[in-house]
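User: I'd like to learn how to read a model like this one, feature by feature. Could you walk me through it?

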Amino acid sequence: MKKINLIDFHAHLHLHLDVIGKSSDACIKENCRAMIDPLRPFFLRVMWAPYEKLGYRYFIRGNSPLVKPMERILARVLRGVPSQNENSLVAEMDRQKIDYSVVLALPPFAPNNQILECCRKQPRLIPFLMPERNVGAAARQISDFAGKGAKGIKLHPLLQSLAPDDEFCIESAQAAGSHGLPLVIHAGGSGLLFGKTCVPEFNVSAFGRLLAAAPQTRIVIAHSGLWEYSEIIEVVRRYKNAWLDISFQHTEVMAKVIDAVGYQRVLFGSDSPIGKQEIILKNFRALNLHETESRAILAENALKLLNMD
Ligand SMILES: [Zn+2]
């Protein structure tokens, strides 16, 4: 079998234009306000482009009064996520020499069934599915996902308007563990990032409670908490069942994360197509790690979590 050198543990497909089944003109009018947001090109130019150029460096910390205005602007940038299907993701993986990508479902934008279908067509994509609160008990949904070939579970408390330690999240985490599936949970920012005005604030201790409530489940804290990385590191380092992905992090923060939790619990991830696989790889390579550490973060830790080792 070919040696696996590189796994992106955090990627998405953005299929909403196809899913809605309407012409893109109708979609733009009804669903994609971002595309007619006159200020979006300006925000992309003055905020997003420099953020990419500086390799995802944060000048703002969790307690700054500028966080909320920044999240409101980011929401306007994020609404216009470029679409990405299974073929375009694999084409980018080829360019970056990435062997596999974990693809995280985000219903309704990237529905569970569509993610499964795309991963069937492209076996280098590994499906993680998301239980939905309005569909019924999390445990039943997750046992159904396991039967259909899901390799892990995704939760996005901000998009789902849930606290990370909400009963639904805890039930999901416990059910994932009982099927031997890892769980990826978004961390960092408030609901404002996704245009939601009344959703839970970022509450770092809620992640601790989730980790404590599902000790048998391997839980990946996404983005290492974005700009709230130091708060996240402080809490999750105490839990043996916590892993962190380094999507949207600068080289310096990656070093802090590895230092705090050990290289065995850190995963390479990009958040493609919003995050760029190329930028995060460049940031990672600038760490100049020992080969053992580098191999673990780029592939071996992921292989263990995915039960592919
Ligand atoms: Zn993501």
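Analyst: Sure. Keep in mind that this is a predicted model. Let's start with a loop residue: G136 lies in the loop between β3 (125–129) and α7.

User: Is G136 buried or exposed, and why?

Analyst: You count C-beta neighbours, and 12 or fewer inside 10 Å means exposed. G136 has 11 C-beta neighbours inside 10 Å, so G136 counts as exposed. For a sense of distance, take G136 and L298: they sit 162 residues apart along the chain, and their C-alpha atoms are separated by 36 Å.

User: Let me zoom out. How many helices and strands does the protein chain have?

Analyst: There are 13 helices and 8 strands in the protein chain. The C-alpha atoms fill a box of roughly 45 × 40 × 40 Å along the principal axes.

User: What does the radius of gyration say about the protein chain?

Analyst: You set the value against what a compact globule would give. For 309 residues that would be near 19 Å, and the protein chain has 18 Å, so the two agree. As for burial, 41% of the 309 residues count as buried. Contacts fit into the picture too: of those with a separation of 6 or more, 75% are between residues 24 or more positions apart.

User: Now the sheet. In what order do the strands come?

Analyst: Read across the open sheet of 8 strands and you get β1-β2-β3-β4-β5-β6-β7-β8, with parallel pairing. β1 (7–11) and β8 (266–267) stand at the edges with a single partner strand each, so one side of each has no neighbour in the sheet.

User: Which residues stand opposite each other in the pairs?

Analyst: Let's go pair by pair. β2 and β3 run parallel and are joined by 4 bridges, and V102 stands opposite I126 in β3. β6 pairs with β7 in the parallel sense over 3 bridges, where V220 faces W243 in β7. At the edge, 2 bridges join β7 (residues 242–245) to β8, again running parallel, and there D245 stands opposite L267 in β8.

User: How should I read the two faces of a strand?

Analyst: The general idea is that side chains in a regular strand alternate between the two faces of the sheet. In β3, L125, P127 and L129 point one way, while I126 and F128 point the other way, and all are buried. That makes 5 of the 5 residues of β3 buried. β7 is covered on both faces as well: A242 and L244 are on one side, W243 and D245 on the other, and all are buried. So D245, the partner of L267 across the pairing with β8, is itself a buried residue.

User: Next, helix packing. At what angle do α7 and α8 cross?

Analyst: Helix α7 (residues 138–148) and helix α8 (residues 167–178) have axes that come within 8 Å and cross at roughly 35°. The crossing of α7 past α8 is right-handed.

User: Which residues meet where α7 and α8 touch?

Analyst: From α7 you have A138, A139, I142 and S143, and they meet F168, E171, S172, A175 and A176 in α8. By type, the residues of this contact divide into 6 nonpolar, 2 polar and 1 charged.

User: Where are the cis peptide bonds you'd point out?

Analyst: Look at omega. P107 and P108 are joined by a cis peptide bond with omega about 5°, and P108 is in the loop between β2 (100–104) and α6 (112–121). Another cis bond joins S272 and P273, with omega about 10°; P273 lies in the loop between β8 and α12 (277–285).

User: Which residues other than glycine have a positive phi worth a look?

Analyst: Try S224 and N288. Phi of S224 is near 50°, and phi of N288 is also near 50°. Their loops are these: S224 lies between β6 (219–221) and α10 (229–236), while N288 lies between α12 and α13 (291–305).

User: Is S224 buried or exposed, and what about N288?

Analyst: Count neighbours again, with 20 or more within 10 Å meaning buried. S224 has 29 other C-beta atoms within 10 Å, so S224 is buried. N288 has 8 other C-beta atoms within 10 Å, so N288 is exposed.

Technical notes
Residues numbered from 1 in each chain as written. Predicted model: local features only at pLDDT ≥ 70, side-chain atom pairs only at ≥ 80, totals over all residues. Axes fitted to C-alpha atoms, helices over the stretch in contact; angles between N-to-C directions. Left-handed = near helix turned anticlockwise from the far one by under 90°. Contact = placed C-beta atoms within 7 Å. Nonpolar A, V, L, I, M, F, W, Y, C, P; charged D, E, K, R; others polar. Pairing = 2+ DSSP bridges. Rg over C-alpha atoms; globule rule 2.2 N^0.38 Å.
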